[in-house]
Every structure is written in structure tokens, then in C-alpha cells.
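Please open the model in your viewer and keep the selection tool at hand. The stops below proceed from strand pairing to the packing of nonpolar side chains.

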Amino acid sequence: MSTSAQSSAETDSPTTSGASAGETVTDRLVGLNTHYAEAFTDPGMDARPVLKVAVVACMDARLDLHRALGLELGDCHTIRNAGGVVTDDVLRSLTISQRALGTRSIILIHHTNCGMESLTEGFRQELELEVGQRPAWAVEAYTDADQDVRQSMQRVRTSPFLLHTDDVRGFVFDVTTGKLREILPAS
């Protein structure tokens, strides 16, 4: 199986053929954008999501959120980070999404076999030893995706900055089946 990010030596994909030695992945992607832009037409969309929904998910490359949820360009706001956890920055983005751009629903998606399950807060200490400065941010590692989804739902529901917290739902995406499993909030 080839991906668009593989070098031309690894695949015969037309998207990567002609890559010269020493060309970086970024160089190839910028080149692909040139082809994209040649056929691009302004869709005439507003920044407000058509479905008035924001999706918070893990940054894992195995999650194709638009395809998994049947979404089209312009349907939603997508906020991604390591683990898909609700951090202060996610709350900032959700607040802007709701208050300035009209979203009302929030979907939270974690997934099976997440790399965050193998990290600990010790990661911060390792970084501090390596670079001489401890990161100000928490790793937000977890061992139980279901429980972390519940915690993220609770963080959203209790945020004083969000206007709409009645339609907040959480899921775990199975990376082997492509199915979502709903996680009910803590009672």
C-alpha cells in the first residue's frame, strides 16, 4: 500500500513521481498544492460550518474524520490534537467556534490504539532533562480512552465560556473496523 507521503523510490504513485533527490516531504506537498490550485475554484463558502458542529479528535493519521462521518467541505469545524483531549486551547477554539461562528453541537472522538496510552506525565520530565526547561503544558496521557472521553465531555459541559453544552457527545473510533462507539457521560 502506498501513501502520498512516500518518496518516488518507494511508490509509482503519480502524486510523487518526479521527486528529485533531496526533495523534502514539504517540497512535494507544496508542489502538489500547485496542481490543486490550478483547478481550484472558490466554493463561495462562509467560515460558519453548515451543520453547526465542531469535532474534536486526535491528530492520528489513521483518522479520516470527513470520510468517517460523511462530512463535506464546509460542514464542520475540526479541532485536532494529540489524544483529542479537551485542553485549554481546545476550549478556546470551541468558544470561538460557538460564539463567533455559530456552532451548537460538539463531537469528541478518541480512538483505539492511541499513542497517548503509552505516554506518561514523565514525558515532561524527560523533555526537561533533555532541553533544560519543563514544558508548561500537561501531556494529558491516559490509559482508558472511554474514561478520558468522559473527562473531556465534562470539561466541555462545565466550561463557563461555551454557550451550548446540551449537545456534547463522545465516541471512541476503532482503527481496525472504522466504527464509532458512543461513550455515555459520567452520571
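In this predicted model, select strands E1 and E2 (residues 76–81): the two pair in the parallel sense over 6 bridges. Within this pairing, display Val 56, which stands opposite Ile 79 in E2.

Next, add E3 to the selection. E1 and E3 also pair in the parallel sense, here over 5 bridges. Val 55 of this pairing has Ile 107 in E3 as its bridge partner.

Now restrict the view to E1 and colour by burial. Is this strand enclosed by the rest of the structure, or open? With a threshold of under 20% relative accessible area for a buried residue, 6 of the 6 residues of E1 are buried, so the strand is largely enclosed by the rest of the structure.

Proceed to the largest nonpolar core, which has 23 residues; Leu 94, Ile 106, Leu 108 and Val 156 touch the most other members. At least two residues of this core are supplied by each of E1 (53–58), H3 (88–99), E3 (105–111), H5 (145–157) and E4 (168–173). Helix H5 gives the largest share, 4 residues.

Centre the view on Leu 94 and show its surroundings. Leaving aside residues up to four places away in sequence, Leu 94 touches Ala 54, Val 56, Ile 79, Ile 106, Val 156 and Leu 162. Val 56 and Ile 79, shown earlier as opposite residues, are thus both to be found among the contacts of Leu 94.

Finally, select Val 55, Ala 57, Cys 76 and Phe 173, which are among the 10 residues of a second, separate core.

Definitions and conventions. Residues are numbered from 1 along each chain as its sequence is written. This is a predicted model: local features need pLDDT of at least 70, side-chain atom pairs count only at pLDDT 80 or more; totals for chains, interfaces and linings use all residues. Side-chain values use heavy atoms; hydrogens and water are left out. A nonpolar core is a set of buried Ala, Val, Leu, Ile, Met, Phe, Trp, Tyr and Cys residues joined through side-chain atoms within 4.5 Å. Buried means under 20% relative accessible area, exposed over 50%, partly exposed in between (1.4 Å probe, protein chains only). Contact means heavy atoms within 4.5 Å. Two strands pair if DSSP finds at least two bridges between them.
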